[in-house]
Each structure stands twice: as structure tokens, then as C-alpha cells.
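Trainee: May I request a close look at the aromatic rings and the charged side chains that accompany them? I should like one connected account, with the reasoning behind each classification.

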Amino acid sequence: QVHLVESGGGLVQAGGSLRLSCAAPGNFFRINAMYWYRQAPGKQRELVATIDTGGSTNYADSAKDRFTISRDNAKNTVYLQMNSLKPEDTAVYYCKADVQLNSILSQTFWGQGTQVTVSS
């Protein structure tokens, strides 16, 4: 079992910035793709950004040009730098990781979520 530990959420004014972190402690072969999702009240969870093992990234349209996903493979950590935040970015943000547990077994794990609130 891999427990993803998220941090960095909080309350920020519109136009401000936050940096989310998600660490994956434990013993495993490696982490493959890593993701950030978010879920606003009354809405479905949506994919915000993805980063693969080589560092290639993809973003939802709502995140392009404002958010940056990155990873530190040595620390098994993924980050989400969020700039120019808007009230509509208010949500619980979750990280997800595709973990290669050993040479033959891969499993997906989720973080517990961190609240981001953007005030107008």
C-alpha cells in the first residue's frame, strides 16, 4: 500500500498563487504517471494535469497557462504550481499516482485531498 501525502492547500485571494505537493513514501519499484485532479462542491472530479515518467505534461484547458505540474523523481513527489488563481479554482485537489509496485504489478493510489479556496 502506498499512502500519498498532500500538502499546500489553503485560502488565497483571486490572482494569488499556491503550490501543492504530493509525496509518495514507501518501498516500490517506481512511480509511473502522476496526476492532479480537483472536485468542486456539487461537481464531478475532473483531471487538471498529468505528468509522465519522462516529464511530458498535459493540462485541462482551465489550467493551461496558469498551472504547472512537475515532479521530483528522487523524492517521489509531484507538485502543482497554481498562479493567477480564480474563485472557480476553488475545490478539493487530489493527487493520483500509478505506482509500479514490482516488476509485474502496478496499482493506482489517491491522496486524501487538500482544500483550495480562492476568494474574490
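Mentor: A convenient starting point is R19, which lies over the face of Y79 at 4.0 Å from the ring centre. Please keep in mind throughout that this is a predicted model. A second placement of this kind involves K96, which lies over the face of Y35 at 4.3 Å from the ring centre. The lysine, K96, will return below, after the ring pairs.

A pair of aromatic rings is described by the distance of the centres and the angle of the planes. For rings to be paired, their centres must lie within 6.5 Å. By this rule the structure has 3 aromatic pairs. One of them joins Y37 and W110: the ring centres are 4.8 Å apart and the planes meet at 55°, so the pair is tilted. The angle falls short of the edge-to-face class, because that class requires planes over 60 degrees apart. With Y37 in strand β4 (residues 30-39) and W110 in strand β10 (residues 106-110), the pair ties together parts that are 73 residues apart in sequence. As for accessibility, Y37 counts as buried because its relative value is 14%, whereas W110, with a relative accessible area of 36%, is partly exposed.

The ring of W110 also pairs with that of Y94. Here the centres are 6.5 Å apart and the planes stand at 80°, so this pair is edge-to-face. Y94 belongs to strand β9 (residues 91-100) and W110 to strand β10, so the pair ties together parts 16 residues apart in sequence. Y94 is buried, its relative accessible area being 14%. Taken together, ring pairs link Y35, Y37, Y94 and W110 into a cluster.

K96 can now be placed against this cluster. The residue is found in strand β9. Its position over the face of Y35 has been noted, and its side chain also makes a polar contact with the side chain of Y37, at 3.1 Å. Leaving aside neighbours within four places in sequence, K96 is in contact with L4, A33, M34, Y35, Y37, T108, F109 and W110. Three members of the ring cluster, namely Y35, Y37 and W110, therefore appear among the contacts of K96. K96 is buried yet has no salt bridge; D98, which carries the nearest side chain of opposite charge, is 5.1 Å away. The reasoning rests on a cut-off, because a salt bridge requires the nitrogen and the carboxyl oxygen to be within 4 Å.

Other charged side chains are bridged. A search of the whole structure finds 4 salt bridges. One of them joins R38 and E46, whose closest N and O atoms are 2.6 Å apart. R38 counts as buried because its relative accessibility is 7%, while E46, with a relative accessible area of 35%, is partly exposed.

R38 also meets D89 in a salt bridge, at 2.9 Å from N to O. This pair links distant parts of the chain, with R38 in strand β4 and D89 in the loop between β8 and β9, 51 residues apart. D89 is buried, with a relative accessible area of 1%. The side chain of D89 meets that of R66 in a further salt bridge, at 2.7 Å from N to O. R66 lies in the loop between β6 (57-59) and β7, and 23 residues separate it from D89 in the loop between β8 and β9. Both R66 and D89 are buried. The result is a network of salt bridges that links R38, E46, R66 and D89.

Two loop residues complete the account, on the question of backbone angles. Most residues other than glycine have a negative phi. N76, which is not a glycine, has a positive phi near 50°. This residue lies in the loop between β7 (67-72) and β8 (77-82), and its relative accessible area of 23% makes N76 partly exposed. S84 likewise has a positive phi of about 50° although it is not a glycine. S84 lies in the loop between β8 and β9, the loop that also holds D89. At 41% relative accessibility, S84 counts as partly exposed.

How values were computed
Residues numbered from 1 in each chain as written. Predicted model: local features only at pLDDT ≥ 70, side-chain atom pairs only at ≥ 80, totals over all residues. Heavy atoms only, no water. Phe/Tyr/Trp six-rings, centres within 6.5 Å; stacked < 30°, edge-to-face > 60°. Helix = DSSP H or I, 4+ residues; strand = E, 2+ residues; numbered from the N terminus. Buried < 20%, exposed > 50% of the residue type's maximum accessible area, 1.4 Å probe, protein only. Lys NZ or Arg CZ within 6 Å of the ring centre and 35° of its normal. Lys, Arg positive; Asp, Glu negative; His and termini not counted. Polar contact = N/O pair within 3.5 Å; in protein donor to acceptor, adjacent residues only side chain to side chain. Contact = heavy atoms within 4.5 Å.
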